[in-house]
Amino acid sequence: MNRTIDTAQSLATRDAAGRVMLSWWGTVLLCLLLSGRALAQDASSTAGAPNAKGSIIIDGKATDLPYAYAYTAPALSSRKPETILILAAQPLPPKSVTDPFARMKARGSGNGMLEFTFDETRALTSVQFGVEPMGGGGYSTSYKFAIASWTDRQMRGRVYTDGELEMFKNRYRFDVSFDITMTVPRAPDASGKAAWATPQGKVLAEYLRAARAGDKAALKRVIVADRAKDLDGPMAKDILSFLKESADPKTADFDGLTVDGETAEAKITERSKDGAMSSTLRLLRVNGSWMVAP
């Protein structure tokens, strides 16, 4: 059984200290250990017109899910291809389709959605719930998927529950039909050893070493100035403690580096026999030098 951890609720944090920690959490985003959400940026999808029909009903309240998206990418842990089907209450910005952290923020902003994961055999392995009041997810044999058509370019079918189900005292059922043009994730500009050798990769490695060592002075040399101030603020101790759990550049896989002018995004994954833990880190070019931007 695949289980997921939904941290979207943390986006509702109201106090200043919470906002600071949330920002740093976004920099070292700890994605799921087992279900393996692909980390890629979309370059071709647009919001488009509604392409799905149906809803999820939770405790008698229906939420329509008229927008559907899907893409295929390597699973986080196994690296085998998996397909993510997303059903949303509102249109998703292009980046949110294939970026799990962006989708998390969209859910936190009130865009209810369901996410279905299919393995390389096209078997449904998990469902992630992001419709209030339900969060988290897992798998049940009562989740059904009827395929009408599925190619590299198109996916058409229906997902539904076998009757009404219960999770954490919530009664729910869903039934949605969709007809999707598959989104093609943007290929990274560099990965592996080649990514570590780039100017962005070298700065990132320096940042990760400083983070793991809790070296405040070294961190300040490689992060943008407005975030460096947090290291002298009331949450400094908590931030430094948190950052010690950062990936080790000696053993982590550099899954992808994407560069867009003066900004860049790095996808780093630590894999083990127990699963995988992935981090998304963003960088900015400041006065000609690349800096990590929490």
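Leaving aside neighbours within four places in sequence, which residues is Ser55 in contact with? In this predicted model, they are Ala62, Thr63, Asp64, Leu65, Arg173, Phe174, Asp175 and Val176. The points below cover Ser55, helix α3, the nonpolar cores, and two residues with their surroundings, Phe254 and Ala211.

**Ser55 in strand β1**
- Ser55 sits in strand β1, which spans residues 52-58.
- The relative accessibility of Ser55 is 15%, so this residue counts as buried; the cut-off for that class is under 20%.
- Among the contacts of Ser55 outside its sequence neighbourhood are Ala62 and Thr63, as well as Arg173 and Phe174.

**Helix α3 and its ends**
- Helix α3 runs over residues 100-108 and is mostly covered, with seven of its nine residues buried.
- The buried residues of α3 are Pro100, Phe101, Ala102, Arg103, Met104, Ala106 and Arg107; two arginines, Arg103 and Arg107, are thus included.
- At the N-terminal end, Asp99 acts as a cap: one of its side-chain oxygens is 3.0 Å from the backbone nitrogen of Phe101.
- Phe101, whose backbone nitrogen takes part in that cap, is itself one of the buried residues of the helix.
- Gly110, just after α3, has a positive phi of about 105°.

**Nonpolar cores**
- The largest nonpolar core has 32 residues, and the members that touch the most others are Leu204, Tyr207, Leu219, Phe254 and Ile268.
- At least two residues of this core come from each of the helices α4 (192-196), α5 (199-213), α6 (216-222) and α8 (236-243), and likewise from each of the strands β12 (253-260), β13 (263-272), β14 (275-286) and β15 (289-292).
- Helix α5 provides the largest share of the core, seven residues.
- Another core lies apart from this one and holds 29 residues, including Val127, Met134, Phe178 and Ile180.

**Phe254**
- Beyond four places in sequence, Phe254 is in contact with Ser191, Gly192, Ala195, Trp196, Gly201, Leu204, Ala266, Lys267 and Ile268.
- Two of these partners, Leu204 and Ile268, are listed with Phe254 among the core members that touch the most others.

**Ala211 in helix α5**
- Ala211 is located in helix α5.
- Ala211 counts as buried because its relative accessibility is 1%, against a cut-off of under 20%.
- Outside its sequence neighbours within four places, Ala211 is in contact with Leu219, Leu240, Leu243, Lys244 and Ser246.
- For one of these partners, Lys244, the separation from Ala211 is 33 residues in sequence and 5.4 Å in space, C-alpha to C-alpha.

Definitions and conventions: Residues numbered from 1 in each chain as written. Predicted model: local features only at pLDDT ≥ 70, side-chain atom pairs only at ≥ 80, totals over all residues. Heavy atoms only, no water. Buried < 20%, exposed > 50% of the residue type's maximum accessible area, 1.4 Å probe, protein only. Helix = DSSP H or I, 4+ residues; strand = E, 2+ residues; numbered from the N terminus. Polar contact = N/O pair within 3.5 Å; in protein donor to acceptor, adjacent residues only side chain to side chain. Core = buried A, V, L, I, M, F, W, Y, C linked by side-chain atoms within 4.5 Å. Contact = heavy atoms within 4.5 Å.
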